[in-house]
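Trainee: I would like to go through the labels used for this model and ask what stands behind each of them.

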Amino acid sequence: VQIGASKNKIDPSPSNFKGEKNIFRKESKDIIRYFSGRFDNYDDAVKEKSRIEKKFPESFVVAFENNELISVKKAIEKM
């Protein structure tokens, strides 16, 4: 679940993300994206989005394949 993005690198520690402990980041050439949790299925990701959007209202579900972002639709089709 993506919770934010920045041009600046932020340490994914709980103190920087409203107490959240499962934050990780993925860097690309222009932007650094921050995510909460890693899930093997869409339903679990949606539950996390529902939980975390109280702290991060702009959060949304994303999908990865081979450590690269892909569309959620494509990920669901592969399940």
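Trainee: Why is Gln2 called buried?

Mentor: Buried means under 20% relative accessible area, exposed over 50%, and partly exposed in between, with a 1.4 Å probe and protein chains only. Gln2 has 7%, so Gln2 is buried. This is a predicted model: local features need pLDDT of at least 70, side-chain atom pairs count only at pLDDT 80 or more, and totals for chains, interfaces and linings use all residues. Residues are numbered from 1 along each chain as its sequence is written, and side-chain values use heavy atoms, leaving out hydrogens and water.

Trainee: Which residues is Gln2 in contact with, leaving aside neighbours within four places in sequence?

Mentor: Contact means heavy atoms within 4.5 Å. On that basis Gln2 is in contact with Arg33, Tyr34, Phe35, Ser59, Phe60 and Val62.

Trainee: What makes Tyr42 partly exposed?

Mentor: Its relative accessible area is 35%, which falls between the two limits, so Tyr42 is partly exposed.

Trainee: How do you know that strands S2 and S3 pair?

Mentor: Strands are DSSP runs of E, at least two residues, numbered from the N terminus; two of them pair if DSSP finds at least two bridges between them. Five bridges join S2 (residues 23–27) to S3 (residues 32–36), so the pair qualifies. The two run antiparallel, and a hairpin of four residues joins them. Within the pair, Arg25 has Tyr34 in S3 as its bridge partner.

Trainee: Which residues does Ile23 touch, not counting those up to four places away in sequence?

Mentor: Ile23 touches Ile3, Pro12, Phe17, Tyr34, Phe35 and Ser36.
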